[in-house]
Amino acid sequence: MTQKLAVVLFNLGGPDGPDAVRPFLFNLFRDPAIIGAPALIRYPLAALISTTREKSAKANYAIMGGGSPLLPETEKQARALEAALALAMPGVEAKCFIAMRYWHPLTDETARQVAAFAPDQVVLLPLYPQFSTTTTGSSLKAWKKTYKGSGVQTTVGCYPTEGGLIEAHARMIRESWEKAGSPTNIRLLFSAHGLPEKVILAGDPYQKQVEATAAAVAAHLPAQIEWTVCYQSRVGPLKWIGPSTDDEIRRAGGEGKGVMITPIAFVSEHVETLVELDHEYAELAEEVGAAPYLRVSALGTAPEFIDGLAKAVRDSVGKTPGTVSSACGWRCGADWSKCPCREGASA
């Protein structure tokens, strides 16, 4: 009898049109993983933020045609992963489902679809290579609340140095660099979405894992490529982790260097890449004289990346029910208390 495997791909989600922008923002900011206040405070605050940011957010999404491309991008990854799993796991009926955190298909919708599929095994696979309580942690918590179907569940908690991920990043960076003539007077910026510093100080391993990904990729690049890690999308009055991407672009310009920027924590193109990197930071680079300005694409369906995901799924199948493991054997130090793959945590 054919075994049925459901692979649930978690991602942020994005508004599919102008009318969805405000409710998407409201869903985002009412998440306690994003704003840690009690619901009586968080909900009105989310309503206020989503209202005040609606206009500027709509302008950003208008650049991309009015909505986010994240769902179509994720659907392409899901189909590519299904094809890879068909080769890697013959005799298993593997189907990929998409669960978005803040816009459709929302977690509860996907949970019902997976239950209707009646799987024997469920592998939860966040499309966040680096674990954070604000992304993977939030998505897994929502899934646990909503899924009532069949299947032995295991989770790929993170994969910051997984071989396929690293190979895909390194190849795409090399190709962009060589296409530009292999410039030497340029700095590679590994740009990741930032977080408030207090999140990291509370034991979130995201920054540590981002830096590990960047170092692993850099080890596969020509030695003359200078690089650094930086963080984008800073908002609000709190102190955020740094250095910031905009400060690094200014520093490069001041030193007479160009920049080559690659999204190291985003695996799909969306507003933070297509607007922030391609427009806002490109304009900043021109202002401060950081030339050339090169942008490496997000991984998308890069074959090395998809094959790495397929291997992560295959390795997760058959593990003890409830296991949360790293696809690359990653173990955070015991002091990173929010990491499910930390030393001393159950594997």
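Biologist: Where is Pro105 found?
Modeller: This is a predicted model. In it, Pro105 falls in the loop between strand 2 and helix 4 (107-117).

Biologist: What kind of peptide bond joins His104 and Pro105?
Modeller: A cis bond, with omega at about -5 degrees. Most peptide bonds are trans.

Biologist: And the bond from Gly242 to Pro243, cis or trans?
Modeller: That bond is cis, with omega near 5 degrees. Pro243 sits in the loop between strand 6 and helix 9.

Biologist: What is phi of Ala118?
Modeller: Near 55 degrees, which is a positive value in a residue other than glycine. Most residues other than glycine have a negative phi. Ala118 belongs to the loop between helix 4 and strand 3.

Biologist: Let's step back. How many helices and strands does the protein have?
Modeller: Eleven helices and nine strands. The radius of gyration is 20 Å, close to the 20 Å from the globule rule for 347 residues, so the protein is as compact as a globular protein of that length.

Biologist: What does the C-alpha trace span along its principal axes?
Modeller: About 65 × 50 × 40 Å.

Biologist: On to the sheets. What is the order of the five strands in their open sheet?
Modeller: The order is 2-1-3-4-9, with parallel pairing. Strand 2 (92-100) and strand 9 (324-326) are at the edges with a single partner strand each, so one side of each has no neighbour in the sheet. From one strand to the next, the twist averages 25 degrees.

Biologist: How many bridges join strand 1 to strand 3?
Modeller: Six bridges join strand 1 (residues 3-11) to strand 3 (residues 121-126), and the two run parallel. Leu9 stands opposite Leu125 in strand 3.

Biologist: Which strands does helix 11 lie across?
Modeller: Helix 11 (residues 303-316) lies across strand 1, strand 3 and strand 4 (152-158). Its direction is at about 140 degrees to strand 3.

Biologist: Now the sheet of four strands. What order does that one have?
Modeller: It is an open sheet with the order 6-5-7-8, and the pairing is parallel. Strand 6 (226-232) and strand 8 (293-295) are the edge strands, each pairing on one side only. Neighbouring strands are turned against each other by 25 degrees on average, direction ignored.

Biologist: How many bridges do strand 5 and strand 6 pair over?
Modeller: Seven, in the parallel sense, with strand 5 covering residues 186-193. Arg187 stands opposite Glu226 in strand 6. Helix 9 packs on this sheet and touches strand 5, strand 6, strand 7 (258-263) and strand 8. The direction of helix 9 makes about 170 degrees with that of strand 5.

Biologist: What about helix 10, which strands does it lie across?
Modeller: Helix 10 lies across strand 5, strand 6, strand 7 and strand 8, and it runs at about 170 degrees to strand 8.

Biologist: At what angle do helix 9 and helix 10 pack?
Modeller: About 30 degrees, with the axes of helix 9 (residues 245-254) and helix 10 (residues 271-288) 9 Å apart. That angle makes helix 9 roughly parallel to helix 10. The crossing is right-handed.

Biologist: Which residues of helix 9 and helix 10 meet?
Modeller: From helix 9, Thr245, Asp246, Ile249, Arg250, Gly253 and Gly254; from helix 10, Tyr281, Leu284, Ala285 and Val288. By class, that contact has five nonpolar, three polar and two charged residues.

Biologist: Helix 2 packs with helix 10 too. At what angle?
Modeller: Helix 2 (residues 39-63) packs with helix 10 at about 85 degrees, and the axes are 10 Å apart. The two helices are therefore roughly perpendicular. Asn60, Tyr61 and Ile63 of helix 2 make the contact with Val271, Val275, His279 and Glu280 of helix 10. Those residues divide into four nonpolar, two polar and one charged.

Biologist: Last one. How far apart are the axes of helix 1 and helix 2?
Modeller: They are 7 Å apart, and helix 1 (residues 21-29) packs with helix 2 at about 135 degrees. That makes helix 1 oblique to helix 2. Their crossing is right-handed.

Biologist: Which residues in helix 1 meet helix 2?
Modeller: Val21, Arg22, Phe24, Leu25, Phe26 and Phe29. Their partners in helix 2 include Tyr43, Ala46, Ile49 and Tyr61. The residues of the contact divide into eleven nonpolar, two polar and five charged.

Methods. Residues are numbered from 1 along each chain as its sequence is written. This is a predicted model: local features need pLDDT of at least 70, side-chain atom pairs count only at pLDDT 80 or more; totals for chains, interfaces and linings use all residues. Side-chain values use heavy atoms; hydrogens and water are left out. Axes are lines fitted to C-alpha atoms, for helices over the stretch in contact, and angles run from 0 to 180 degrees between N-to-C directions. Angles under 35 degrees count as roughly parallel, over 145 as roughly antiparallel, 65 to 115 as roughly perpendicular and the rest as oblique. A crossing is left-handed if the near helix is turned anticlockwise from the far one by less than a right angle, and right-handed if clockwise. Contact means heavy atoms within 4.5 Å. Ala, Val, Leu, Ile, Met, Phe, Trp, Tyr, Cys and Pro count as nonpolar, Asp, Glu, Lys and Arg as charged, and the others, Gly among them, as polar. Two strands pair if DSSP finds at least two bridges between them. The radius of gyration is taken over C-alpha atoms; the globule rule is 2.2 Å times the number of residues to the power 0.38.
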